[in-house]
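Trainee: Please give me a close look at one chain of this structure, covering its build and its interior.

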Amino acid sequence: MGMTMTQKILAAHAGLKEVKAGQFIEADLDIVLGNDVTTPVAINEFKRMGAKGVFDKKKVVIVPDHFTPNKDIKAAEQCKRIREFAVSEDIENYFEVGQMGIEHVLLPEKGIVTAGDLVIGADSHTCTYGALGAFSTGIGSTDMAAGMARGKAWFKVPTAIKFDLRGEMTKWVSGKDVILHIIGMLGVDGALYKSMEFMGEGLKNLTMDDRLAMANMAIEAGAKNGIFMVDDKTIAFLKEAGDKPYTVYAPDPDADYDETYIIELGKIRPTVSFPHLPDNTRIIDEVGDVKIDQVVIGSCTNGRMEDMRIAASILKGRQVAKNLRVIIFPGTQKVYLQCINEGLARIFVEAGAVFSTPTCGPCLGGHMGILAAGERAIATTNRNFVGRMGHPESEVYLSSPAVAAASALTGKISNPELL
Amino acid sequence: MLNKGKAFKYGDNVDTDVIIPARYLNTSDHAELAKHCMEDIDADFVNNVRCGDIIVATKNFGCGSSREHAPIAIKASGISCVIASTFARIFYRNAFNTGLPILECDEAAARIEAGDEVEVNFATGEIRNITKNETYQAEPFPEFIQKIINCDGLVNYVKENI
Ligand code: SF4
């Protein structure tokens with residue numbers, strides 16, 4: 001029996017010719033990632049393990065992005081701990097405020113992750129790098145500690161679901177709508193333990209930013225990882241980001257998939273997830289009248305350049321609705337600077353929006369835009385659990401940047417096609 | 001390795017928030033966490049659980065946040081093993097990594113009822129329901145996972161293999 005893309009990467013990193021679904025393996029890690037919330041716990045475990053030092057100072061990446069710039073004293077103390085650790089361990093890829101960004105936007109941009117890599121991160125959205133053809137998955141703090149100490153992690157080889165992408169999306173539809181559609185179809189545990197593998201003739205019509213947004217939300221269907229077939233667009237992206245050598249793994253022709261879904265990209269409508277689960281989706285045509293108090297555009301799902309451009313194209317020369325807060329937060333310093341250079345920053349500010357430094361901030365209800373009881377936000381983020389963006393009685397609706405920007409103009413969830 | 005105990009039975013999607021509510025996450029002290037284990041789904045759990053007892057649930061046990069406090073609280077409460085039809089994947093990892101044995105077995109998850117006396121053989125994956133006089137077969141732990149469990153979790157395993 002042939003292997004899936006994921007199985008091939010796992011086999012290669014375990015030094016095995018072949019792996020089978022259900023098999024337990026120990027594999028070598030190319031990158032071990034942590035942030036300001038999970039790394040302090042991992043440092044404790046790392047010390048308890050009696051580790052003498054990290055296995056490779058180039059392969060451990062630490063990004064303080066959740067509560068930075070430090071939102072309070074507790075956050076400052078956590079960041080101080082990880083900074084001290086990064087200094088004492090001489091961690092090459094530690095990114096201080098001012099050079100950082102949201103981890104899952106930053107790592108692909110810096111060329112730290114490449115095709116064929118095996119990555120673990122103490123953050124559930126580590127699955128984002130599957131867009132580059134890497135195996136990448138979220139783990140707990142103890143796994144991060146063990147990974148930093150030994151450069152290895154154990155895995156149970158997953159089965160997979162195949163998504164055969166066909167055709168082309170219509171104008172205001174993006175990768176975000178495709179993944180919301182898929183999560184709505186599968187449910188939040190629909191891909192439990194499994195890989196979601198994306199391929200097909202329609203792949204060429206998805207930009208890298210579309211693919212990154214889709215892989216980012218694989219965890220929202222319970223998946224272990226999401227991974228995209230590598231094509232010319234991937235290679236061009238990797239070459240622009242850096243010179244790390246990459247390896248392309250394609251599935252064997254007789255690879256075993258639990259299920260195959262054909263996704264007709266042309267049929268997908270702008271899609272919104274209603275509170276309080278990402279699988280509670282409705283197409284824009286069935287949203288009804290939903291008044292909002294806040295719009296959030298950014299995050300590791302949709303904080304990339306293309307997302308900023310789409311939002312700006314809708315906001316340009318217009319004003320955000322009265323009594324509405326619109327917060328735009330680019331994913332990294334590079335995206336931020338490019339927004340300035342392309343004139344997008346001016347468009348946002350002139351439209352009456354906040355344009356913030358990169359941070360996770362509002363996405364997890366950390367800071368920079370918390371909701372009060374009874375308030376509603378539409379956000380381009382990835383989770384709309386109870387209390388995710390603030391008060392337990394607030395509500396979050398998930399959408400693409402286009403729908404969020406259209407909603408910013410009207411004060412209610414709106415269809416960008418009708419502007 | 002044989003283990004015998006009484007079963008506590010729960011349903012689908014037992015999430016990490018009910019296993020150990022977020023309001024108790026300001027400590028990582030195991031005994032302190034154990035005091036609040038399962039509090040929001042079964043208030044009597046901590047009073048009734050005895051060392052060696054077993055939790056049995058149906059699908060997607062341990063879904064939600066990736067907090068390692070969840071398997072730690074279960075283990076510290078005295079529970080020797082969790083049996084379910086499926087586990088959410090980050091919980092699955094965290095359980096082994098913190099030294100809590102877990103077994104997947106559809107039949108055991110369906111048949112075992114609250115209060116049944118159950119014996120589990122970790123070496124063979126055999127689950128014996130003494131009350132009902134039935135046996136169910138789970139996949140035994142692979143050798144590698146058995147090593148982590150024998151070390152009482154990943155921290156000690158790494159200590160010995162660094
Ligand atoms: S932007 Fe949101 S989902 Fe992404 S890493 Fe930050 S907190 Fe997590």
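Mentor: The account below follows chain B from its overall form to its interior. The model is predicted, so local features need pLDDT of at least 70 and side-chain atom pairs count only at pLDDT 80 or more, while totals for chains, interfaces and linings use all residues. Residues are numbered from 1 along each chain as its sequence is written, chains are lettered from A and ligands numbered from 1 in the order in which they are written, and side-chain values use heavy atoms, with hydrogens and water left out.

Chain B contains eight helices and seven strands (DSSP runs, H or I of at least four residues and E of at least two, numbered from the N terminus). Its C-alpha trace spans about 45 × 40 × 25 Å along the principal axes. A compact globule of 162 residues would have a radius of gyration near 15 Å, and chain B agrees, because its own value is 15 Å (taken over C-alpha atoms; the rule is 2.2 Å times the number of residues to the power 0.38).

The accessible surface of chain B comes to about 6,700 Å², with 46% belonging to carbon and sulfur atoms (Shrake-Rupley method, 1.4 Å probe). Of the 162 residues in chain B, 57% are buried (under 20% relative accessible area, 1.4 Å probe, protein chains only). Among contacts (heavy atoms within 4.5 Å) in chain B between residues at least 6 apart in sequence, 64% join residues at least 24 apart.

Ile83(B) illustrates the interior. Leaving aside neighbours within four places in sequence, Ile83(B) is in contact with residues including Ile55(B), Leu103(B), Val120(B) and Ile127(B). The largest nonpolar core (buried Ala, Val, Leu, Ile, Met, Phe, Trp, Tyr and Cys residues joined through side-chain atoms within 4.5 Å) has 101 residues, and Ile83(B), Ile55(B), Ile127(B) and Phe155(A) are among those with the most contacts inside it. Helix α5 (residues 141-150) of chain A supplies the largest share of this core, five residues.

Methods
Buried < 20%, exposed > 50% of the residue type's maximum accessible area, 1.4 Å probe, protein only.
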